[in-house]
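Reader: I am new to this structure and would like a close look at a single part of it, the sheet, together with what packs around it. Could you take me through it slowly, one strand after another?

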Amino acid sequence: MIIAVSSTGKDLDSQIDPRFGRCAFFIVYNTDDNSAEAFDNENIALGGGAGIQSAQFIASKGVKAVITGNCGPNAVRTLQAAGVQLYLGQTGTVREAIERFKNSVIKPSLEPNVADHFGMQGGTSSAQGGNTGWTAGRGGGMGMGGGRGMGRGMGMGRGMGKGMGLGKGTALGFDFPAENATAQPDKTNLSRDEELNILKEQSRELQRQMKDIQDRIEKLDKNS
């Protein structure tokens, strides 16, 4: 069985990184042959969507269980959609966590244990200044549909955000809330059902985002 542990370093004696989406490294371990490989977490600096991106990366490696300290709602939903079990609240070294897993000392978790935006600078819901309101933000995300999309300009974002794209060259000048940003899944090694489940979850997330935006528009219209 292939498992992954969020880690502060590249070896089994490194401490567990308490952040899933923004951990420093992922150590992928095969319990069948005791082999291990460390991967840099390229999502650590993302302004939003780090949990979803990290979950997609993990699923693409064939991982069936994740051991970490904390995990937010978006990452939990993405892991569940990919059929990956999650073990939360773990501390100590990666090696110790793996032994606890092998000996069935730890139990899988079904619910997130932190809110959205956990692990971002200052622990706030905004990547810049901790402003929880709607602020001008510069998006920078790869869009759905294969292009850089909504979110290249200043607009209705929450700090640094990965935007929703509408195709190549389309730039409408505003972002969705950063932590809820949705990106195209890494399809490498994902089965059809796993990819379908992830895309369905992303579709539901986009619908929630659109409703939030529409509610905000209506509120601003009433106050104008």
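**The sheet and its surroundings**

Author: A convenient place to begin in this predicted model is the hairpin formed by β2 and β3, which has 4 residues between its two strands and, in the turn, Asn34 with a positive phi of about 60 degrees. The two arms, β2 with residues 25–30 and β3 with residues 35–40, run antiparallel and are joined by 6 bridges; one pair to look for is Tyr29, which stands opposite Ala36 in β3.

The same Tyr29 in β2 also stands opposite Ile3, and this leads from the hairpin to β1, which pairs with β2 in the antiparallel sense over 6 bridges. Further along this pairing, Ser6 has Phe26 of β2 as its bridge partner. Strand β1, made of residues 2–7, is mostly covered, with 5 of its 6 residues buried. With β4, residues 65–67, β1 pairs in the parallel sense over 3 bridges, and here Ala4 is matched with Val66 of β4.

Put together, the strands make an open sheet of 5 in the order β3-β2-β1-β4-β5, with mixed pairing. Because β3 and β5 (85–87) stand at the edges, each with a single partner strand, one side of each is left without a neighbour in the sheet. On average, neighbouring strands of this sheet are turned by 20 degrees against each other, direction ignored. Helix α3, which covers residues 94–102, packs on the sheet, where it touches β1, β2, β4 and β5, and its direction makes about 145 degrees with that of β1.

It remains to see how the sheet takes part in the nonpolar interior. In soluble globular proteins, nonpolar side chains tend to be buried together. The largest nonpolar core here has 21 residues, of which Phe20, Ile58, Val63, Val66, Cys71, Leu79 and Leu86 touch the most other members. At least two residues of this core are supplied by each of β2, α1 (50–60) and α2 (73–81), and the largest share, 4 residues, comes from α2. To follow one member outward, take Ile58: leaving aside its neighbours within four places in sequence, Ile58 is in contact with Ala4, Phe20, Phe26, Val63 and Val66, and among these Ala4 and Val66 are the bridge partners already met between β1 and β4. There is also a second, separate core of 14 residues, which includes Leu12, Ile67, Tyr87 and Ile106.

Conventions:
Residues are numbered from 1 along each chain as its sequence is written. This is a predicted model: local features need pLDDT of at least 70, side-chain atom pairs count only at pLDDT 80 or more; totals for chains, interfaces and linings use all residues. Side-chain values use heavy atoms; hydrogens and water are left out. Two strands pair if DSSP finds at least two bridges between them. Buried means under 20% relative accessible area, exposed over 50%, partly exposed in between (1.4 Å probe, protein chains only). Axes are lines fitted to C-alpha atoms, for helices over the stretch in contact, and angles run from 0 to 180 degrees between N-to-C directions. Contact means heavy atoms within 4.5 Å. A nonpolar core is a set of buried Ala, Val, Leu, Ile, Met, Phe, Trp, Tyr and Cys residues joined through side-chain atoms within 4.5 Å.
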